[in-house]
Amino acid sequence: MSRPSLRPALAELPPYVPGARSPVGAAAFKLSSNENPYPPLPSVMAAIADAAVDVNRYPDMYATELAEALGEMLDVPAASIVPGCGSVAVLGHVLAAFCDAGDEVVLPWRSFEAYPIAITLVGAVGVRVPVGDDGRLDLPALAAAVTPRTRVVLVCTPNNPTGPAVRADELETFLDAVPEDVVVVLDEAYVEFVRDPLAPDGLAVLAARPNVVLLRTFSKAYGLAGLRVGYAVARPRLAAGIRVASTPFGVSHVAQLAALASLRARTELMTRVDAVVKERGRMLTALRDQGWTVPDSEANFVWLGLGDHATAFAERCARAGVLVRPFAGDGVRVSVGEPEATDLLLEVAAGHTPR
Ligand SMILES: *Cc1c(COP(=O)(O)O)cnc(C)c1O
C-alpha cells in the first residue's frame, strides 16, 4: 500500500516546544514563554472589542494604517514596514524571499528555537555557529561561516535564550566582513528591554546598511503575544519582496487595531517595560549573590546554564509554583514576570548548588 510521504527534512526537526502552561485550575506563575506579565491596558481591550464588529470582513491585507504608524514612529517610509502574523511568521517570509533550496543560512546556536524550523521549511540549510559560554554571540565566527552559498545571516540580539545583546562596535566589524549581497537579519524581539549603552541602534544600522533587515514584535514589550503581530523593517525594494512572500491577510483586523492602540499607549506600556527591566536587575543580582554564573541579560529573561540539571531544576520550580523553560542538557530560561514569581524562583535557586 502506498501513502503520502512527508518531507524527510521534517523528521530531523525537533518540534517547537512551547513554554509550559499550568494545568487548568492550578495557580502557577508562567515564566516559560517570555510573555509580558501585565494584562492588556483598558484602551487596548476597548480597541479589540471595537474591532470585533468587522470580523465578517477580511482585514486590510497590508495593514496599511499600522505600517504608516510604525513608519512614523521609526522615521522610515511605510513602504519599509512588512507586518505579519508574529515576527516568527515574518522571519519565514524573509527566508522565503531570499533563499532557494540548498542555500545556506548562518545562525547562532543555541538561539531561538524557531530558527532551524523556519530555515528547513524553506528548503535552506542552516549553518550553526556556537554561542560563547558567556551567552554572547560569536560575531567573528558568524562572519567566518559565510560562504558563496550564504543568503542570510541571523543575528538574535538580545539572544534568546541566553540574554546578552551584541555591541555596536562588534556589529559594525561584522557587517564590514559580510558581503553586501548577504541579508543580515537583526532579530530585535526584545529591543525595548535593552539598556546597555554599547548596544547598537538597529534603525541607524539599517539606515547605513542596505542589506540589513530588522525584525520586531508586539508580543513581548507590548504584551500582545496572543494576537500575533510582528513586522520587518527593510529597504523598500527588499520589503516589497518580503511582502510578496507573505501570507495574504496574515494580520487580523483585531490584531491591527490592538497594535495601533498599543502604539498610542506607548508611554504607558514602556513604563511597564521599565518595571520588568528593574525586576530583571533584582533577579540577576540575587542569583549572582547566591553564587550563580548568569550571563548579562538585555531581555525579559535570564539564563541559568544548568547543563544536565536543567530538566530537574525546571521540575523543582514547577513544584514550587513557577513554570520555567528547560532546554534539556543545556540550561533553563526564566522569564521576568511578577516579583512574587521572582521570589519563588530565588527560593528554588537557593536550594540548588549554583552553576
Ligand atoms: C519571542 C520572539 C520572537 C517573536 O515572536 P512573535 O512571533 O512575534 O510572537 C521573535 N524572535 C525571537 C528571538 C523571540 O524570542
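Which helix and which strand each supply at least two residues of the lining of the largest pocket? In this predicted model, the elements to select are helix H4 (87–98) and strand S11, each of which supplies at least two residues of that lining.

**The largest pocket**

With H4 and S11 displayed, add Tyr-16, Ser-33, Phe-112, Lys-220 and Arg-228, which, among the 33 residues that line the largest pocket, lie nearest its centre. The space here amounts to about 590 Å³, and colouring the lining by class gives 13 nonpolar, 11 polar and nine charged residues. If you then colour by domain, you will find that domain 1 (8–40 + 267–350) and domain 2 (42–264) both give residues to this lining, so the largest pocket lies between them.

**The sheet that holds S11**

From S11 (325–327), extend the selection to S9 (301–304) and S12 (residues 331–335), since these three strands form an open, antiparallel sheet in the order S9-S12-S11. S9 and S11 stand at the edges with a single partner strand each, so one side of each is left without a neighbour in the sheet. From one strand to the next the twist averages 20°. S11 and S12 pair in the antiparallel sense over three bridges, and a useful place to centre the view is Phe-327, which stands opposite Gly-331 in S12. Now show helix H12 (residues 310–319), which lies across S9, S11 and S12 and runs at about 165° to S11.

**The second largest pocket**

Next select Gly-132, Asp-133, Gly-135, Trp-303 and Gly-305, which lie nearest the centre of the second largest pocket, out of 13 lining residues. This pocket has a volume of about 270 Å³, and its lining divides into three nonpolar, five polar and five charged residues. Each of domain 1 (8–40 + 267–350) and domain 2 (42–264) contributes at least three residues to that lining.

**The cavities**

Finally, turn to the enclosed spaces, of which there are two with a volume of 30 Å³ or more. For the largest cavity, at about 50 Å³, select lining residues including Asn-36, Tyr-38, Leu-41, Tyr-222, Ser-262 and Arg-272; by class, the lining has seven nonpolar, three polar and one charged residue. Both domain 1 (8–40 + 267–350) and domain 2 (42–264) give residues to the lining of the largest cavity, so it lies between them.

Keep Asn-36, Tyr-38 and Arg-272 selected and add Glu-35, Phe-193 and Asn-300, among the residues that line the second largest cavity. That cavity holds about 40 Å³ of space, and its lining has six nonpolar, two polar and two charged residues.

Key. Residues are numbered from 1 along each chain as its sequence is written. This is a predicted model: local features need pLDDT of at least 70, side-chain atom pairs count only at pLDDT 80 or more; totals for chains, interfaces and linings use all residues. Side-chain values use heavy atoms; hydrogens and water are left out. On a 1 Å grid over the protein atoms alone, a cavity is a set of points where a 1.4 Å probe fits but cannot get out, and a pocket is an open set with protein on both sides within 12 Å along at least five of seven lines; lining residues have an atom within 4 Å of a point. Grid points are joined across faces, edges and corners, and a volume is the space filled by probe spheres set on the points. Ala, Val, Leu, Ile, Met, Phe, Trp, Tyr, Cys and Pro count as nonpolar, Asp, Glu, Lys and Arg as charged, and the others, Gly among them, as polar. Domain bounds come from an automatic or database domain assignment. Two strands pair if DSSP finds at least two bridges between them. Helices (H or I, at least four residues) and strands (E, at least two) are DSSP runs, numbered from the N terminus. Axes are lines fitted to C-alpha atoms, for helices over the stretch in contact, and angles run from 0 to 180 degrees between N-to-C directions. Contact means heavy atoms within 4.5 Å.
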